[in-house]
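Please examine the model shown below. The questions that follow concern its core, its ligand site and its backbone.

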Amino acid sequence: MKLSFAVAASFIVTAVAAPADVTCPDAKAAVPLLRGYSRLNKDHFYVTSQEEMNAANGYALKQSPGRVFTTQVPGTVPLFRLRNAAGLDHLYTANETERDDSVANNGYVYEGVTAYIFPSQICDSRPLYRAYSPRESDHYYSSDSWEMGYLGDTYGSLMEGVTGYVL
Ligand SMILES: *[C@@H]1O[C@H](CO)[C@@H](O)[C@H](O)[C@H]1NC(C)=O
């Protein structure tokens, strides 16, 4: 009896976490998405490479918003990185249309794929929230909803929804 309950319970948990057509990647392959902030540029910058973060002068390391993949493992989509030269803003989106619109109409340069993330809340992932501060011309991202509220008050930000899901 105990065993069959455990099997039934684990089936329910599995069914919720991963629909039949989703194979979750090995979470151990995920690495922290590093987050840096430059007071001078008023810019948040996210990379998976510590060397690249070090090379970006003047960015202090802040709390990571979560773990991501460096290759396109099952169930993930690319997180695109763009930079606005004028406003010293880095923008990250998993939306190809927004990426292309930002280049065509908003003065952003496409800088490639930063990481791979989940497009929906599968495989025990959590939302990566996005906000924009017009005052600082700064897009930033966090999976900590308390921090999003705090930074939102500090920077006078607009909440811009969920960019994707991270571990
Ligand atoms: C993707 O971006 C475009 C342009 O910004 C927007 O109209 C569209 O609603 C976005 N799609 C999703 C799924 O958010």
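Q: Which residues does Tyr46 touch, not counting residues up to four places away in sequence?
A: This is a predicted model, in which local features need pLDDT of at least 70, side-chain atom pairs count only at pLDDT 80 or more, and totals for chains, interfaces and linings use all residues. Residues are numbered from 1 along each chain as its sequence is written. Contact requires C-beta atoms, placed from the backbone, within 7 Å. On that criterion, the partners of Tyr46 are Leu33, Leu34, Arg35, Tyr92, Thr114 and Tyr141.

Q: Which element gives the most residues to the largest nonpolar core?
A: A nonpolar core joins buried Ala, Val, Leu, Ile, Met, Phe, Trp, Tyr and Cys residues through C-beta atoms within 7 Å, where buried denotes 20 or more other C-beta atoms within 10 Å. Among the elements giving two or more residues to this core are β3 (43-47), β8 (108-117) and β11 (158-166), strands being DSSP runs of E with at least two residues, numbered from the N terminus. With 4 residues, the most given by any element, the contributor is β8.

Q: Which residues surround the ligand?
A: A residue qualifies if its C-beta atom, placed from the backbone, lies within 6 Å. By class, the shell has no nonpolar, 2 polar and 2 charged residues. Its members are Asn95, Thr97, Glu98 and Asp101.

Q: Is Asp124 buried or exposed?
A: Asp124 lies in the loop between β8 and β9, and its phi is positive, near 60 degrees. The exposed class requires 12 or fewer other C-beta atoms within 10 Å. Because Asp124 has 12 C-beta neighbours inside 10 Å, it counts as exposed.

Terms used. Two residues are in contact if their C-beta atoms, placed from the backbone, lie within 7 Å. Ala, Val, Leu, Ile, Met, Phe, Trp, Tyr, Cys and Pro count as nonpolar, Asp, Glu, Lys and Arg as charged, and the others, Gly among them, as polar.
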